[in-house]
Amino acid sequence: MTASTADEHKVRLDKWLWAARFYKTRSLAKEAIEGGKVHYNNQRCKPGRAVEAGARLTLRLGWQEKVVIIDDISDRRRGAPEAQKLYHETEDSVKKREDLAWQRKTMQAAQLPPARRPSKKDRRDIQRFREQNNI
């Protein structure tokens with residue numbers, strides 16, 4: 001393999017994340033990498049880092065944290081079914097995300113909404129209570 005063919009298969013990390021459909025644009029992928037939300041083999045890196053098959057990526061996407069292993073390298077953004085073939089998520093990561101989602105769901109269910117909206121009298125009472133207690 002010559003140096004020129006090896007260079008053709010090098011893909012930047014931000015471009016790979018965009019092609020794998022983790023981020024909608026390359027600039028969003030770049031911001032996430034620079035913001036420390038993406039770790040390559042458990043280390044912070046730069047957006048221009050060349051990705052390799054078998055590397056471990058840790059991604060923080062909103063409430064979720066995913067740990068994925070790169071299976072294939074591509075610099076082209078295609079449909080979601082093809083993009084999912086570029087990586088696989090570890091079993092521990094899937095289990096951890098499901099557990100956290102369940103915890104968030106149960107915490108949300110524990111906070112019951114009020115049975116009805118406060119009436120005009122209720123709002124006046126609440127306002128009076130706040131004024132008396134300096135809230």
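Is E65 buried, partly exposed or exposed? In this predicted model, E65 has a relative accessible area of 29% and is therefore partly exposed. Its place is best understood after a view of the chain as a whole.

The protein chain contains six helices and five strands. Read from the N terminus, these elements follow the order α-α-α-β-β-β-β-α-β-α-α. The C-alpha atoms occupy a box of roughly 80 × 30 × 30 Å along the principal axes. The radius of gyration is 23 Å, whereas a compact globule of 135 residues would have a value near 14 Å. Of the 135 residues in the protein chain, 24% are buried.

One of the buried positions is V51, with a relative accessible area of 4%. Since the cut-off for burial is under 20%, V51 counts as buried because its 4% falls under that limit. V51 belongs to the loop between strand 2 (43-44) and strand 3 (56-61). Its C-alpha atom is separated by 7.6 Å from that of W16, although the two residues are 35 residues apart along the chain.

Attention may now turn to charged side chains. Nine salt bridges are found in the whole structure. One of them brings the opening residue back into view: E65 pairs with R60, and the closest N and O atoms are 2.4 Å apart. R60 is partly exposed, with a relative accessible area of 44%. E89 and R97 form another salt bridge, with 2.8 Å between the closest N and O atoms. E89 has a relative accessible area of 22% and is partly exposed; R97 likewise counts as partly exposed, at 22% relative accessibility.

A further salt bridge lies within a helix. D99 and K95 are both part of helix 5 (residues 91-110), where four residues, about one turn of the helix, set them apart. Their side chains meet in a salt bridge of 3.5 Å, N to O. K95 counts as exposed at 51% relative accessibility, while D99 is partly exposed with a relative accessible area of 36%. Elsewhere, salt bridges with shared partners link R12, D14 and R26 into one network.

Charge also appears on the surface outside these pairs. R117, K120, R123 and R124 form a positive surface patch. Within this patch, K120 is exposed, with a relative accessible area of 54%. Membership of a patch requires over 30% relative accessible area and no salt bridge, so the 54% of K120 satisfies the area condition. K120 is found in helix 6 (residues 120-133).

Conventions: Residues numbered from 1 in each chain as written. Predicted model: local features only at pLDDT ≥ 70, side-chain atom pairs only at ≥ 80, totals over all residues. Heavy atoms only, no water. Patch = residues over 30% accessible without salt bridge, like charges linked within 9 Å, V, L, I, M, F, W, Y side chains within 5 Å. Areas by Shrake-Rupley, 256 points an atom, 1.4 Å probe, with all protein chains shown as cover. Salt bridge = Lys/Arg side-chain N within 4 Å of Asp/Glu carboxyl O. Lys, Arg positive; Asp, Glu negative; His and termini not counted. Charge placed at Lys NZ, Arg CZ, Asp CG, Glu CD. Helix = DSSP H or I, 4+ residues; strand = E, 2+ residues; numbered from the N terminus. Buried < 20%, exposed > 50% of the residue type's maximum accessible area, 1.4 Å probe, protein only. Rg over C-alpha atoms; globule rule 2.2 N^0.38 Å.
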